[in-house]
Amino acid sequence: MIGLVDGNNFYVSCERIFQPKLEGRPVGVMSNNDGCIIARSAELKALDIPMGTPAFKLEELRQRGDIHLLSSNYELYGDMSARLTQLLRNACPDVAPYSIDEMFVYLEDFTAEQCEALGRKLRQRIRRHLGLPVCVGLAPTHTLAKLANHVAKQDPYYQGVCLLGGQDHTTEALLKRTPVSSVWGVGHRLAERLAIGGVRTAWELRESDEKQLRKRFSVVLARTALELRGTPCLTMNALDLPRQRIMTSRSFGQPTGDFTQVHNALRRHAQRSAEKLREQRSLARAVMVFLNTNRHRRDQPQCFPQALIALPSPSDDTRVILDTVRQGLEQMYRPHHHFMKAGVMLLDLVDAERHQLSLLGPTPHHHHPLLMAAVDQINQQMGRGTISFGMTNAPAAWQLRCAHRSPRFTTRWDELMLAGTHPGAIDACTSRT
Ligand SMILES: [Mg+2]
């Protein structure tokens with residue numbers, strides 16, 4: 001069985017841990033520079049405020065106290081994400097982060113009952129130890145686990161944990177009422193093409209002829225259909241479409257504790273991720289880097305550090321991403337460990353065409369689309385890596401606007417939560433930053 005643990009409204013939930021007054025209130029988290037809404041609480045969604053709404057349009061609501069808007073606090077979200085991963089690693093043998101708030105856990109040799117019991121236990125433990133609400137989806141394949149998680153979130157009957165057997169009536173009933181566009185890896189454009197051939201639901205995709213799918217669409221779609229039948233055949237990398245986040249990671253040929261080697265691997269992943277980003281015409285708002293030691297080597301010290309850093313403005317520029325990756329590595333690197341795997345994840349993607357540069361924000365002085373297009377073209381024609389970027393220096397510290405950022409409660413000594421009897425304690429803490 002495969003489990004998918006996914007945080008509910010993750011950014012907002014991280015904020016609520018330390019500011020319980022936000023519980024039950026409409027809360028939005030803004031992009032860097034307080035530009036637009038990138039995360040919403042259920043209450044804010046209920047007000048019909050869409051993702052990407054420019055923050056200035058909500059200023060009146062905010063001033064009236066009807067809604068709460070917070071600057072993004074990536075340091076806090078990144079740290080809570082690392083704690084979530086760590087808690088899961090303590091409980092499950094095999095954990096693979098898929099995004100900042102989604103982690104796959106692989107449960108071999110567990111019965112369905114044991115999986116469900118473990119799912120409930122994990123959910124309780126995460127709530128108690130971290131204060132985070134999560135839902136757990138369990139199924140024999142990645143694609144079904146993702147669907148199971150979606151159901152666990154939507155349908156209160158499941159109380160946060162949903163298990164799909166793959167062959168049972170529950171799975172069949174669910175697939176029959178799930179539009180094919182909700183299946184992992186099936187975007188809206190693909191769903192439209194499928195509809196022409198009469199495939200509208202997940203069940204119809206599952207029942208489609210695999211060879212035809214392969215011939216008329218793609219290998220990935222044929223595999224997705226198999227996954228819906230309960231046959232595992234997709235790897236994490238194949239699950240990238242449609243991409244809300246881009247990940248490039250690889251195991252080292254030889255475990256290494258050498259900073260430069262680790263850095264070089266991350267630099268390669270950063271360049272590849274930036275290429276993928278430009279291919280799909282997106283910009284990233286944040287970069288996550290992570291390292292894993294070999295969990296099978298019990299005789300060696302273990303650690304799984306990760307760092308999450310926000311970009312000054314959304315970017316697809318390889319140099320910006322390289323600089324950020326280096327900052328992240330310096331933050332999280334631990335000497336005396338042998339690392340087995342390194343990865344770079346680009347998060348909170350935004351459509352490059354629709355993204356309008358804020359006139360008030362910092363000048364994106366790294367913005368050179370023609371240079372990046374030239375690099376991509378050369379690498380496409382003459383082979384990947386023909387042109388790559390050398391070591392770059394740290395960027396000048398851009399002064400970011402983040403007037404409403406909550407304290408970085410878990411990573412800064414001078415921003416710890418204050419315990420006090422008077423109700424203004426939290427506010428005092430917030431204004432101190
Ligand atoms: Mg989530």
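Start with Asn-379 and its neighbours: leaving aside residues up to four places away in sequence, Asn-379 touches Glu-275, Arg-384, Gly-385, Thr-386 and Ile-387. You'll find Asn-379 in helix 14, which covers residues 369-382. Its relative accessibility is 6%, and because buried means under 20%, Asn-379 counts as buried. Keep in mind, here and below, that this is a predicted model.

Now zoom out. The protein has 433 residues, and buried ones make up 51% of them. Its secondary structure comes to 15 helices and 13 strands. If you take the contacts between residues at least 6 apart in sequence, 68% of them join residues at least 24 apart. On the outside, the protein exposes about 21600 Å², with carbon and sulfur atoms supplying 51% of that area.

Strand 10 is a good place to look next. It runs through residues 282-293, and 12 of its 12 residues are buried. What does strand 10 pair with, and in which sense? One partner is strand 12 (residues 339-347), antiparallel over 8 bridges; here Thr-293 has Phe-339 as its bridge partner. Another is strand 11 (residues 306-315), also in the antiparallel sense, over 6 bridges, and in this pairing Val-287 is matched with Ile-309. Then there's strand 13, just residues 350-351, which pairs with strand 10 in the antiparallel sense over 2 bridges. In that case the bridge partner of Ser-282 is Asp-351. As a rule of thumb when you look along any regular strand, side chains alternate between the two faces of the sheet.

On to the rings. The count of aromatic pairs comes to 12. One of them is Tyr-98 with Phe-104, an edge-to-face pair with 5.8 Å from centre to centre and 70 degrees between the planes. Tyr-98 and Phe-104 are both buried. Phe-339, the residue bridged to Thr-293, turns up again here: its ring centre is 5.9 Å from that of Tyr-333 and the planes are at 50 degrees, so this pair is tilted. Tyr-333 and Phe-339 are buried too. Elsewhere, Phe-10, Tyr-11, Tyr-74 and Tyr-77 form one aromatic cluster.

Some rings also have a charge sitting over them. Arg-245 lies over the face of Tyr-98, at 3.8 Å from the ring centre, so Tyr-98 has Arg-245 over its face as well as Phe-104 as an aromatic partner. Over at Trp-203, the charged end of Lys-176 sits above the ring, 5.1 Å from its centre.

Last stop, the metal. Which residues hold the magnesium ion? The donors are Asp-6 (OD), Gly-7 (O) and Asp-101 (OD), at 2.1 to 2.4 Å. Along the sequence these donor residues follow the spacing D-G-x93-D. Gly-7 belongs to strand 1 (residues 2-7), while Asp-101 is in the loop between strand 5 (94-99) and strand 6 (102-106), so the pair ties together parts that are 94 residues apart in sequence. Gly-7 and Asp-101 are both buried.

Terms used: Residues are numbered from 1 along each chain as its sequence is written. This is a predicted model: local features need pLDDT of at least 70, side-chain atom pairs count only at pLDDT 80 or more; totals for chains, interfaces and linings use all residues. Side-chain values use heavy atoms; hydrogens and water are left out. Buried means under 20% relative accessible area, exposed over 50%, partly exposed in between (1.4 Å probe, protein chains only). Helices (H or I, at least four residues) and strands (E, at least two) are DSSP runs, numbered from the N terminus. Two strands pair if DSSP finds at least two bridges between them. Rings of Phe, Tyr and Trp (its six-membered ring) pair if their centres lie within 6.5 Å; planes under 30 degrees apart count as stacked, over 60 as edge-to-face and the rest as tilted. A charge sits over a ring if NZ of Lys or CZ of Arg is within 6 Å of the ring centre and within 35 degrees of the ring normal. Donors are N, O and S atoms within 2.8 Å of the metal (3.2 Å for Na, K and Ca); water is not among the atoms, so sites may look incomplete. Contact means heavy atoms within 4.5 Å. Accessible areas come from the Shrake-Rupley method with a 1.4 Å probe; for residues, only the protein chains shown count as cover.
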